[in-house]
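Trainee: Got a minute to go through this one with me? I'd like to take it strand by strand.
Mentor: Sure. Put it on the screen.

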Amino acid sequence: MTFHDGLRVVHAHGDRITVTEPTTGVELVSYVYRPEAAWEAPKPYLHPIRTLAGDVVTDFRPNDHRWHKGLQLTASHLSGQNLWGGNSYVHGEGYLPIPERVGSMAHAGFDVVESDGERVVIAERLTWHPYTGELWADEERRIEIHDVDTESGSWALTWTSAITNRRDEPLLFGSPTTAGREMAGYTGLFWRGPRAFRDGRIIGPDSEGPELMGEQAPWLAYAGEHDGTDGHATLVFAHAPENDHTGAEGAHPAHWFVRNEPFAAVAPSWAFYEELELAPGETLTRRYRVVVADGSWEREEIAKYLEAHPW
C-alpha cells in the first residue's frame with residue numbers, strides 16, 4: 001500500500017490496483033488482473049472507471065455479454081482462437097458456443113507500479129494463450145493515469161501495448177467482419193459503457209452519429225447521461241499518430257467500432273476490414289488515450305483539449 005501527496009495507489013496483490021484522486025477522494029479506476037471465468041476469456045481489465053465527480057462510466061459483465069468488462073484489450077479473432085470471450089462467430093452459422101476456441105491473456109508480473117503524485121504508471125508483462133495453453137504471444141503493457149484537472153473535471157489514461165509473436169508461424173488478427181459479418185469489426189482496445197449510456201451522443205472531428213462505425217478519424221468521443229443524477233459524462237478516445245504507420249505488420253490504420261444501440265461501446269479496431277498479420281518474432285505496438293470528463297463536451301471543446309495535450 002503506497003500513499004503520495006497526489007494520486008494515491010493501493011495494490012491489493014493478486015487482485016487489483018486502485019488509483020484515487022485525493023482532493024475528491026474518488027477512486028478513479030481499478031485495474032483488475034485476477035483471473036476470472038474461462039468461458040469469458042480471462043484477461044486484465046479496468047473497471048470501475050469513474051469521473052472526478054464519482055460517476056461510473058464503465059459496465060461489468062452485462063447480461064447481454066458477460067465477457068464485456070469495462071475497458072480491456074481484446075482479440076476477437078486470433079489465428080482461429082477467440083481471446084474476446086463468449087460465443088465465436090462462424091460465417092454462415094452465426095455465433096456458436098465453441099469452448100475450444102476460447103483463449104486467455106494472463107498476468108505474468110509487474111515491472112512498475114508507482115505514482116509521483118501527478119502521474120501513475122503501471123507496467124505489466126502478460127502472456128497470450130489459445131485454449132490448449134501454449135504461449136502464442138508476450139505483451140508489455142503500460143497504463144498511465146495523468147492530467148487530472150479538477151477545474152475542467154477531467155483526467156486522462158494512456159494505454160500502450162507491445163505484443164510479440166512467439167509462435168513459429170504468423171499470428172493473424174481479425175474480427176467478425178474479416179470473418180464475413182458486415183460492420184462488426186470489433187477487436188483491440190474495447191470500452192463498454194454503462195446501461196444508462198444507451199442512445200448516447202457519438203462525436204467525431206467532422207461529423208457525429210452511429211454512421212461513424214467503420215470510419216477513420218484520429219479521435220472519437222461518446223457522451224452519455226447518468227442514471228440517478230442530472231449529470232453527463234464524455235469519454236474521448238484517441239489513437240496515437242504512430243498507430244497509422246506502415247511497419248513490419250503492414251499498414252493498418254484504426255477504423256472505429258462504435259455503437260450507441262443496443263449498448264454503448266467504442267473500439268479503435270486494428271483489424272476492422274482486413275486481417276493484420278504479425279510475423280514470428282515481430283512486435284505490434286499500439287498506443288491509445290482515453291479522456292474521462294464530467295459534463296457533455298462539444299466538438300470544439302474536445303478539439304481544444306486535444307490540442308492542449310499533444311501526444
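Trainee: Is strand β17 largely enclosed or open?
Mentor: Enclosed, largely, by the rest of the structure, because seven of its eight residues are buried. The strand covers residues 232-239. Keep in mind that this is a predicted model.

Trainee: How many bridges join β16 to β17?
Mentor: Seven, and the two strands run antiparallel. β16 covers residues 219-225. For a register check, find alanine 223: threonine 234 of β17 stands opposite.

Trainee: And what do β16 and β17 form?
Mentor: A hairpin, with six residues between the strands. Look at glycine 228 in that turn: its phi is positive, about 80°.

Trainee: Which way does β23 run relative to β17?
Mentor: Antiparallel, again with seven bridges. β23 spans residues 283-294. Aspartate 294 in β23 is the bridge partner of alanine 233.

Trainee: OK, another hairpin. What sits between β11 and β12?
Mentor: Four residues, including glycine 153, which has a positive phi of about 70°. The pairing of β11 with β12 (residues 154-165) is antiparallel and takes in eleven bridges. Aspartate 149 stands opposite serine 154 of β12.

Trainee: How many bridges does β11 make with β10?
Mentor: Nine, also antiparallel. β10 is residues 120-129, and β11 is residues 137-149. One bridge pair to pick out is valine 121 with glutamate 144 in β11.

Trainee: Switching topic. In what order do β6, β13 and β22 sit in their sheet?
Mentor: β6-β13-β22, an open sheet of three strands with antiparallel pairing. β6 and β22 (276-278) are at the edges. Each has a single partner strand, so one side of each has no neighbour in the sheet.

Trainee: How many bridges hold β13 to β22?
Mentor: Three, with β13 at residues 171-174. Leucine 171 has leucine 278 of β22 as its bridge partner.

Trainee: What about proline 280, where is that?
Mentor: In the loop between β22 and β23. Proline 280 is partly exposed, at 38% relative accessible area.

Trainee: Which residues does proline 280 touch, beyond those up to four places away in sequence?
Mentor: Asn165, Arg167, Asp168, Glu169 and Pro170. Compare the C-alpha atoms of proline 280 and proline 170: they are 5.5 Å apart, although 110 residues separate the two along the chain.

Trainee: Now the largest pocket. How much space is in there?
Mentor: About 210 Å³. Its lining has 19 residues, and those nearest the centre are Ser76, His77, Gln81, Tyr89 and Arg101.

Trainee: Which strands each supply at least two residues of that lining?
Mentor: β6 (77-78) and β7 (88-90). So that's the β6 we just met at a sheet edge.

Trainee: How does the lining divide by residue type?
Mentor: Ten polar, seven nonpolar and two charged.

Trainee: Last one. Is serine 30 buried or exposed?
Mentor: Buried, because its relative accessible area is 3% and the cut-off for buried is under 20%. Serine 30 belongs to strand β3, residues 26-32.

Trainee: What does its side chain make a polar contact with?
Mentor: The side chain of threonine 18, at 3.2 Å. Leaving aside neighbours within four places in sequence, serine 30 also contacts other residues, among them Arg16, Ile17, Tyr45 and Leu46. His47 and Pro48 are on that list too.

Methods. Residues are numbered from 1 along each chain as its sequence is written. Side-chain values use heavy atoms; hydrogens and water are left out. On a 1 Å grid over the protein atoms alone, a cavity is a set of points where a 1.4 Å probe fits but cannot get out, and a pocket is an open set with protein on both sides within 12 Å along at least five of seven lines; lining residues have an atom within 4 Å of a point. Grid points are joined across faces, edges and corners, and a volume is the space filled by probe spheres set on the points. Ala, Val, Leu, Ile, Met, Phe, Trp, Tyr, Cys and Pro count as nonpolar, Asp, Glu, Lys and Arg as charged, and the others, Gly among them, as polar. Buried means under 20% relative accessible area, exposed over 50%, partly exposed in between (1.4 Å probe, protein chains only). Two strands pair if DSSP finds at least two bridges between them. A polar contact is a pair of N or O atoms within 3.5 Å; within protein, one must be able to donate a hydrogen and the other to accept it, and residues adjacent in sequence count only if both atoms are side-chain atoms. Contact means heavy atoms within 4.5 Å.
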